[in-house]
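Open the structure in your viewer and keep the selection tool ready. At each stop, select the residues named, then look around them.

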Amino acid sequence: MNNKNYEKVYKMSFAGVYPHYIQKAEKKGRTKAEVDEIICWLTGYDQKALQQQIDQKNNFETFFAEAPQINPNASKITGVICGYRIEEIEEELMRKIRYLDKLIDELAKGKAMSKILRQN
């Protein structure tokens, strides 16, 4: 993926993608609450601040720039997403976006929340 593609992703509205995360999870019997828990775990947002990000229709760049704190255990998120090995993505913002994609994938695949949230 080149930098031009990265810019396109960064400018995408988080609020525009968020319903797709929920839809992906709900199709597999998971809940919006679980999606929100994952997002809050990764970014440090609380529920209210997350909703504000959605209401403001912030793009991914702003969403992650304003995140209170990326979870220190985020570095434990490894594997392949969209054909790219997460731990090899050098661009920090893209790596954070892919972390989120990977966590939502794991939720949709039925993984236990404790495993998704890297608690063990």
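**Stop 1: the largest pocket**

Select Val17, Tyr21, Ile97, Arg98 and Asp101. Of the 13 residues that line the largest pocket, these lie nearest its centre. You are looking at a predicted model. The space in this pocket comes to about 170 Å³.

Now colour helix 2 (14–27) and helix 6 (92–108). Each supplies at least two residues of the pocket lining. Which helix gives the most to the lining? Helix 6 does, with 5 residues.

Next, colour the lining by residue type. You should find 9 nonpolar residues and 4 charged ones, but no polar ones.

**Stop 2: the largest nonpolar core**

Select Phe14, Val35, Ile38, Leu42 and Leu100. The largest nonpolar core has 40 residues, and these five touch the most other members. Many helices take part in this core: helix 1 (3–10), helix 2, helix 3 (32–43), helix 4 (47–55), helix 5 (60–65), helix 6 and helix 7 (113–116) each bring at least two residues. Helix 6 has the largest share of the core, 8 residues. In soluble globular proteins, nonpolar side chains tend to be buried together.

Zoom in on Ile38. Which residues does Ile38 touch, not counting those up to four places away in sequence? They are Leu100, Leu103, Ile104, Leu107, Met113, Ile116 and Leu117.

**Stop 3: the two sides of helix 4**

Select Ala49, Leu50, Gln53 and Ile54. These are the buried residues of helix 4. They lie on the same side of helix 4 because they cover an arc of only 145° around its axis. Turn to the other side of helix 4: Lys48 and Asp55 are exposed there.

What covers the buried residues of helix 4? Show helix 2, helix 3 and helix 5, which are included in the cover.

**Stop 4: Phe63**

Move on to helix 5 and select Phe63. Is Phe63 buried or exposed? Its relative accessibility is 0%, so Phe63 counts as buried.

Show its surroundings. Leaving aside neighbours within four places in sequence, Phe63 is in contact with Phe14, Ile39, Thr43, Tyr45, Leu50, Gln53 and Asn58. Two of these names have come up before: Phe14 in the core and Leu50 on helix 4.

Try the distance tool as well. From Phe63 to Gln119, C-alpha to C-alpha, you should read 24 Å; in sequence they are 56 residues apart.

**Stop 5: Met12**

Go to the loop between helix 1 and helix 2 and select Met12. Met12 counts as partly exposed because its relative accessibility is 38%. The cut-offs here are under 20% for buried and over 50% for exposed.

Not counting residues up to four places away in sequence, Met12 touches Val17, Asn58, Asn59 and Phe60. You saw Val17 at the pocket. For a longer view, add Trp41. Met12 and Trp41 are 29 residues apart in sequence, and their C-alpha atoms are 21 Å apart in space.

**Stop 6: Ile86**

Finish in the loop between strand 2 (84–85) and helix 6, where you will find Ile86. With a relative accessible area of 0%, Ile86 is buried.

What does Ile86 touch, beyond residues up to four places away in sequence? Select Ile77, Thr78, Gly79, Ile81, Arg95, Arg98, Tyr99 and Lys102. Arg98 also lines the pocket from the first stop.

Last, pick Ile86 and Ala15. They are 71 residues apart in sequence and 23 Å apart in space, C-alpha to C-alpha.

Technical notes: Residues numbered from 1 in each chain as written. Predicted model: local features only at pLDDT ≥ 70, side-chain atom pairs only at ≥ 80, totals over all residues. Heavy atoms only, no water. 1 Å grid on protein atoms, 1.4 Å probe; cavity = no way out; pocket = protein on both sides within 12 Å on 5 of 7 lines; lining within 4 Å. Points joined across faces, edges and corners; volume = space filled by probe spheres on them. Helix = DSSP H or I, 4+ residues; strand = E, 2+ residues; numbered from the N terminus. Nonpolar A, V, L, I, M, F, W, Y, C, P; charged D, E, K, R; others polar. Core = buried A, V, L, I, M, F, W, Y, C linked by side-chain atoms within 4.5 Å. Buried < 20%, exposed > 50% of the residue type's maximum accessible area, 1.4 Å probe, protein only. Contact = heavy atoms within 4.5 Å. Arc of directions from axis to C-beta.
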